[in-house]
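Colleague: Before I use these coordinates, I would like to hear how each label was earned. Could you take me through the reasoning, value against criterion?

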Amino acid sequence: LGAWIYIGVFVLTVPWALWEAYGDLDVLAEHFTSMADHVRSVRRRVSGSGLWDTGFQFGDWLDPTAPPENPLEARAGSGVVATACLFRSARTVSRAASLLGQHEAAAEFAELAERTRLAFVEHYVDAAGRIRSDCPTVYALAVVFGLLDAEAEQQAGDRLAELVAAAEHTILTGFAGTPYVTNALTRTGHVDAAYALLMNRSCPGWLYQVDMGATTIWERWDSMLPDGSINPGEMTSFNHYAFGSIADWMHRTVGGLAPLEPGYRRALVAPRPGGGLTWARTSLQTAHGTVSVAWEIDGEQMVVDVELPAGVDALLDLVGCAPRSLEPGRHRVAVPAGAA
């Protein structure tokens, strides 16, 4: 049973990611039956409290505090992680059903998502906004998956920032939490904390791996130990996606390029400088052509260059400036560096 969350990554997350990247409904149509069947199979495993807290779960696999011989020993409660994932999965299938015109299925999975969200809040979130386990992964999932109302979400983001600072900006998340921790911090106004996580050279951390000679992201934070020996635990791949998911945040937040509509018919240009960086460049080959964003801090100004192919427009969103629309073509915008 513990593999169900990871099966969901392939059955649900991949088709949805392809839809967002290419705007091709055929992908969702082809995979919708598998997506729906997967969530229905999980629904049968939900306990009477409405939580997915039954059976074995991998949970926040490879939490960096877990001993090498027991990668399951995470601080995040497995039921908290699994229930959050069920909510997100049900909501994703509901959205896919709506796009495909399957309104009965959309209502079915929307009801499951809301029932799961309410159970999560009732059983796992206390009156002070603390989430059971009180560790970065549970706050990151709750924020990014949208399990909380606006006030509770901000409380969760603030608590996440506190925990990150208390750990001196070393990583405290495993497979479940790492893809979302920097996004959760950014979303709740703690972009500096997100950069501090990225730029920390200690272990566990991304730049520790770079300093150890890595050109890819590893399966374990310390697949190679500081003395150059290999971690004695299992699962020491030196090219693994889970922790490498930071690249998505870098693309969207450091580079400043994300889709506003599936397939990048409309793009969001919203770089958020930090971490001592003074420039960044990113580009993406979309179905419409190459979209590129580059920014550089030059004295007291930040200069942003955007190139949009024919058929693509963008929303330019810079800190301290009113959002503005950009039409296809080349654009150069200068704003005060302090505002950005």
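Modeller: Let us begin with a term: a helix here is a DSSP run of H or I that holds at least four residues, and helices are numbered from the N terminus. Helix α1 spans residues 4–22, and Phe 10 lies in it. Please keep in mind throughout that this is a predicted model.

Colleague: Why is Phe 10 called exposed?

Modeller: The label exposed requires over 50% relative accessible area. Phe 10 has a relative accessibility of 61%, and therefore counts as exposed. Phe 10 also belongs, with Val 14, Leu 18 and Tyr 22, to a nonpolar patch on the surface, and together these residues have about 420 Å² of accessible area.

Colleague: What makes Phe 145 and Tyr 180 an edge-to-face pair?

Modeller: Two rings pair if their centres lie within 6.5 Å, and planes over 60 degrees apart count as edge-to-face. For Phe 145 and Tyr 180 the centres are 5.0 Å apart and the planes meet at 75°, so both conditions are satisfied. Phe 145 sits in helix α5 (residues 136–145) and Tyr 180 in helix α7 (residues 178–187), so this pair ties together parts that are 35 residues apart in sequence. Both Phe 145 and Tyr 180 are buried.

Colleague: How do you know that Tyr 208 and Trp 218 also form an edge-to-face pair?

Modeller: The centre-to-centre value for Tyr 208 and Trp 218 is 6.3 Å and the angle between the planes is 85°, so the pair meets the limits of 6.5 Å and 60 degrees. Tyr 208 lies in helix α9 (residues 206–211), whereas Trp 218 lies in the loop between α9 and α10 (241–244), so parts that are 10 residues apart in sequence are tied together. Tyr 208 and Trp 218 are both buried. The structure holds 10 aromatic pairs, and one aromatic cluster is formed by Phe 175, Trp 206, Trp 221 and Phe 243.

Colleague: How do you know that there are zero disulfides?

Modeller: A search of the whole structure finds zero, and the criterion is a pair of cysteine sulfur atoms within 2.5 Å. For Cys 85 the closest cysteine sulfur, in Cys 135, is 13 Å away, which is too far for a bond. For Cys 203 the closest cysteine sulfur is likewise in Cys 135, at 18 Å, and this too is too far for a bond.

Colleague: Why is Cys 85 called buried, and why is Cys 203 called partly exposed?

Modeller: Buried means under 20% relative accessible area, and partly exposed covers the range between that and 50%. Cys 85, at 18% relative accessibility, therefore counts as buried, while Cys 203 has a relative accessible area of 32% and is therefore partly exposed.

Colleague: What makes strands β2 and β6 a pair?

Modeller: The criterion is at least two bridges found by DSSP. Strand β2 (residues 266–269) and β6 pair in the parallel sense over four bridges, so the criterion is met; Val 269 stands opposite Leu 316 in β6. β6 and strand β7 (residues 324–326) pair in the antiparallel sense over three bridges, so they qualify as well, and the bridge partner of Leu 315 in β7 is Ser 325.

Colleague: Which side chains of strand β6 are buried?

Modeller: Along strand β6 (residues 313–316) the side chains alternate: Ala 314 and Leu 316 point to one face and are buried, whereas Asp 313 and Leu 315 point to the other and are not.

Methods. Residues numbered from 1 in each chain as written. Predicted model: local features only at pLDDT ≥ 70, side-chain atom pairs only at ≥ 80, totals over all residues. Heavy atoms only, no water. Phe/Tyr/Trp six-rings, centres within 6.5 Å; stacked < 30°, edge-to-face > 60°. Helix = DSSP H or I, 4+ residues; strand = E, 2+ residues; numbered from the N terminus. Buried < 20%, exposed > 50% of the residue type's maximum accessible area, 1.4 Å probe, protein only. Patch = residues over 30% accessible without salt bridge, like charges linked within 9 Å, V, L, I, M, F, W, Y side chains within 5 Å. Areas by Shrake-Rupley, 256 points an atom, 1.4 Å probe, with all protein chains shown as cover. Salt bridge = Lys/Arg side-chain N within 4 Å of Asp/Glu carboxyl O.
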